[in-house]
Amino acid sequence: MAKLTKKQKEAYAKVDNTQSYDLAAASALVKDITNVKFDASVDLAIRLGVDPRKANQMVRGVVTLPHGTGKDVKVLALVTPDKEAEAKEAGADYVGLDEYLQKIKGGWTDVDVIITMPSVMGKLGPLGRILGPRGLMPNPKTGTVTMDVAKAVTDVKAGKIDFKVDKTGIVHAAIGKVSFDAKKIEENANELIQTIIKLKPTTAKGTYVKSVFMSSTMSPSIAVEVKTV
């Protein structure tokens, strides 16, 4: 293990690994133990008691964080000409179709979210090998394939994120920045946790939410006590 710096040692000393913190305490603590020189992201890692290999236990969804993510989300709207003005007015950073399909084919993926229309999905299919691994492939379930392009762009810009359990049974998501006050971090985290709880598959047996850890960029992880109400 790499040698810890003085500040890192101080941060680890402030986290009691023998206990779980309630969301309010964890949200305040994550701010206290973050000592990087940039505005670090605050992340949640939620381990679920599901088997992601089974289709009926896949946990996936979207949530609009009440205070946004704190990140300037770059949105590409792949739309037909009649929808371009609508997408631009809603705040999309890049708007168009064929020229951006060519750019993606060449390896360009400098965006955070791609929003498109049902009629365009056929053209995106061949780009799945590029977009899929980067989590950029639009999906009707996450609201990124829709005729209401303006609403989809507005929602994403306002803090709507999509999440998906990975093959190890963990949902990873960024829920804010350490520059947020602790209450906003707490409320964003609670919104994500409660949304995931509501999505519990009927086929999942035993403990559903096994653990929740909060951390920021390069900080220790804080065990969070989960309340299901």
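A residue counts as exposed when its relative accessible area is over 50%, and as buried when that area is under 20%. This cut-off is needed at the last stop of the tour, which leads through a predicted model.

**The whole chain**

Begin with the entire protein chain displayed as a cartoon. Its secondary structure amounts to eight helices and nine strands. Along the principal axes, the C-alpha atoms occupy a box of roughly 55 × 45 × 35 Å. The radius of gyration is 19 Å; a compact globule of 229 residues would have a value near 17 Å, so the two agree.

Next, display the molecular surface. The accessible surface of the protein chain is about 12200 Å², and carbon and sulfur atoms account for 52% of this area. Of the 229 residues, 45% count as buried. Where contacts link residues at least 6 apart in sequence, 73% of them join residues at least 24 apart.

**The two domains**

Select residues 16-69 together with 160-224, and colour them as domain 1. Then select residues 75-157, which form domain 2, in a second colour. The C-alpha centres of the two domains are 27 Å apart. Four residues of domain 1 and six residues of domain 2 make up the contact.

**An open sheet and its helix**

Which strand order should one expect on selecting the open sheet of three strands? The order is β4-β3-β5, and the pairing is parallel. At the edges are β4 (94-96) and β5 (113-116), each of which pairs on one side only. From one strand to the next, the twist averages 15°.

Now select residues 75-78, which constitute strand β3. Three bridges connect β3 to β4, and these strands run parallel. To examine the pairing at residue level, select leucine 78 and look across to glycine 96 in β4, which stands opposite.

Add residues 98-105 to the view: this is helix α4, which packs on the sheet. Helix α4 touches β3, β4 and β5, and its direction makes about 115° with that of β4.

**Methionine 218**

For the last stop, select the loop between β8 (209-216) and β9 (222-224), and within this loop pick out methionine 218. What is the phi of methionine 218? It is positive, at about 70°, although the residue is not a glycine.

Is methionine 218 buried or exposed? Its relative accessibility is 61%, and therefore methionine 218 counts as exposed. Displaying the side chain of methionine 218 together with the surface allows this exposed position to be inspected directly.

Conventions
Residues are numbered from 1 along each chain as its sequence is written. This is a predicted model: local features need pLDDT of at least 70, side-chain atom pairs count only at pLDDT 80 or more; totals for chains, interfaces and linings use all residues. Side-chain values use heavy atoms; hydrogens and water are left out. Helices (H or I, at least four residues) and strands (E, at least two) are DSSP runs, numbered from the N terminus. Buried means under 20% relative accessible area, exposed over 50%, partly exposed in between (1.4 Å probe, protein chains only). Two strands pair if DSSP finds at least two bridges between them. Axes are lines fitted to C-alpha atoms, for helices over the stretch in contact, and angles run from 0 to 180 degrees between N-to-C directions. Contact means heavy atoms within 4.5 Å. The radius of gyration is taken over C-alpha atoms; the globule rule is 2.2 Å times the number of residues to the power 0.38. Accessible areas come from the Shrake-Rupley method with a 1.4 Å probe; for residues, only the protein chains shown count as cover. Domain bounds come from an automatic or database domain assignment.
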